[in-house]
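Please open the model in your viewer, with the sequence panel beside it, and follow the stops below in order.

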Amino acid sequence: MKLSARIAVPTAALVLAGLTATACAPQTSDNSAKKDEKSGTLRVWLFQEVSNEPKRKVVDRAVDAFRARHKGAAADVDVEIEYIPVETRAQKIKAAFNDPKSAPDLIEYGNTDTAGYVKDGGLADVSEEFGSWADAKDTDPTARQSVTVDGKVYGAPLFVGVRALYYRTDVFKDLGLKPPKSQAELITTAKKIREAKPALYGLAVGGAYTYGAMPFIWAHGGELAEKGGGSDGTYTSAIDSPAAQKGIKAYTSLFGSDNCPAAKCAEMGGNDTVTAFASGKAGMAIGGDFSHAAVEAGKVKGKYAVVPLPGVKAGEIAPAFAGGNNIGVLKSSSHRTLAVDLMKELAGKKTQAELFDAMGFLPTYTDVREVAAKKEPFVEPFIKTLAAGAKAAPASPGWAQIDSSLVLPTMFQEVVSGRKDVAAASGDAAKKMNDAFGAAG
């Protein structure tokens, strides 16, 4: 299959890294299964992709391998796969947590959903099985963190996605520029492009692009939140710390007539910035491995390259947000042993390698990613970014409220509009975050 067909699909799925559940459901009571049947039908909910056929074929092969392993003593083991819409997953999955009779045995879920689903009592603790699984030893630490809450593992990582710096090779050549090696160089390079070519944004940025802004905060030593030392493990916002404020200042300095005018860029999200770059309206943009197809389909095809987003010091790579999806077993499943085995099949090395070939999903295993990089050189800067240390959102169910309430975009937009300075905006954001963390427990 051609590269463009392979890579075109992941956007909707990886956007889950920036989506969170907005629907509220009552906390479930203990719905743990009382039996572990070794036969019967396993029900699985996976996410429907924009073009789902390549994913379906890979999943069908994995299911066939699972069935083949369970012939004989459990000849009546069967699997039903249902592909559910990403947009309505929150309501559907939380309803399943509250109604075990209609619930599936396994689900695919976004990695920012982990803590909330664990609090809701929906996911089974599979720490023991994950720890003894041969494939799991090669899972990268960030991916493992995405299925871990309070030291316990609640699923298996399925794929991961990160962002890096796309830049126009023709524009850089024309202006005698080199890829920036520090964030200071990034900012000055963006403004040089804008000055020389006023029709372009130097670096397309967005006030609503939370996951494009996070690397600036992390690169300056800031954090979104810190976990308390108490037994309750409650998070406390760190967005108003001096280090985080430096990162906020660096990011918001890119909004203005000398790079990306606030009137146009304050409301832009991640997709908007990538679209601006792909359509030839920007010299640079922060985009994901999953943005590759959109850029290839745009006006800049053949005129761009990608490097890791630089950190504060020359040669450093800014920590990126690690997005992606996981596969988990529901606590209510009456087929726990079989469900865990199918989870391993669906999220194992063989399946992840095939999902990369079919969909462009970056594997969560370091060795499988190395093979993927040799097949498709464009993923190399994203793999370097992961290797340098990507980060995840706080593992708190309160993050869902923070994200859906647009706490961080509001903060950025208040700064770039001039309504508040960085200290006031970050202080207000910290209060909102702490309210959400406190309510979540």
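Helices and strands here are DSSP runs, a helix having at least four residues and a strand at least two, and both are numbered from the N terminus. With that in hand, and bearing in mind that this is a predicted model, select L406, which sits in the loop between α19 (398–404) and α20 (407–416). L406 has a positive phi of about 55 degrees although it is not a glycine. Its relative accessible area is 48%, and L406 is therefore classed as partly exposed, since that class lies between the 20% limit for buried and the 50% limit for exposed.

**The whole chain**

Now zoom out until the whole chain is in view. Its secondary structure amounts to 21 helices and 13 strands. The radius of gyration is 22 Å, close to the 22 Å that the globule rule gives for 441 residues, so the chain is as compact as a globular protein of that length. Taken along the principal axes, the box filled by the C-alpha atoms is roughly 70 × 50 × 30 Å.

If you colour by accessibility, 57% of the 441 residues count as buried. The surface that the chain exposes comes to about 17,600 Å², and carbon and sulfur atoms supply 52% of that area. Colouring by charge instead will bring up 53 positive and 51 negative side chains, with the centres of the two sets 5 Å apart. Among contacts between residues at least 6 apart in sequence, 79% join residues at least 24 apart.

**A second positive phi**

Next, select D150, in the loop between β4 (148–149) and β5 (152–153). Like L406, a residue other than glycine with a positive phi, D150 is not a glycine and has a positive phi, here near 50 degrees. The relative accessible area of D150 is 61%, so this residue counts as exposed.

**Around helix α9**

Move on to K178, which you will find in the loop between α8 (169–175) and α9 (183–196). Is K178 buried or exposed? Its relative accessibility is 69%, so K178 counts as exposed. Add T189 to the selection and draw a distance between the C-alpha atoms: the two residues are eleven apart in sequence and 8.6 Å apart in space.

Then select I193, which is placed in helix α9. I193 has a relative accessibility of 0% and so counts as buried. Which residues are in contact with I193, leaving aside its neighbours within four places in sequence? They are V171, F172, L175, L177, L200, Y201, G202, G283 and M284. For M284, show the C-alpha distance as well, because I193 and M284 are 91 residues apart in sequence yet 9.2 Å apart in space.From α9, go to S253, which lies in the loop between α11 (242–252) and α12 (262–265). S253 has a relative accessibility of 28% and counts as partly exposed. Not counting residues up to four places away in sequence, S253 touches I187 and K191. The C-alpha atoms of S253 and I187 are separated by 8.1 Å, while the two residues are 66 apart along the chain.

**The disulfide**

Continue along the sequence and select C260 and C265, with side chains shown as sticks. A disulfide joins these two cysteines, with an S to S distance of 2.0 Å, and the count for the model comes to one disulfide. C260 is buried, and C265 is buried too. Which hand does this disulfide have? The torsion about the S-S bond of C260 and C265 is about -85 degrees, so the disulfide is left-handed.

**A last stop**

Finally, select F290, in the loop between β11 (282–288) and α14 (292–296). With a relative accessibility of 7%, F290 counts as buried. To end the tour, add G161 and compare sequence with space: F290 and G161 are 129 residues apart along the chain, and their C-alpha atoms are separated by 7.1 Å.

Conventions. Residues are numbered from 1 along each chain as its sequence is written. This is a predicted model: local features need pLDDT of at least 70, side-chain atom pairs count only at pLDDT 80 or more; totals for chains, interfaces and linings use all residues. Side-chain values use heavy atoms; hydrogens and water are left out. A disulfide is a pair of cysteine sulfur atoms within 2.5 Å. Buried means under 20% relative accessible area, exposed over 50%, partly exposed in between (1.4 Å probe, protein chains only). The radius of gyration is taken over C-alpha atoms; the globule rule is 2.2 Å times the number of residues to the power 0.38. Contact means heavy atoms within 4.5 Å. Accessible areas come from the Shrake-Rupley method with a 1.4 Å probe; for residues, only the protein chains shown count as cover. Lys and Arg count as positive and Asp and Glu as negative; His and the chain ends are not counted. The place of a charge is taken as NZ of Lys, CZ of Arg, CG of Asp or CD of Glu.
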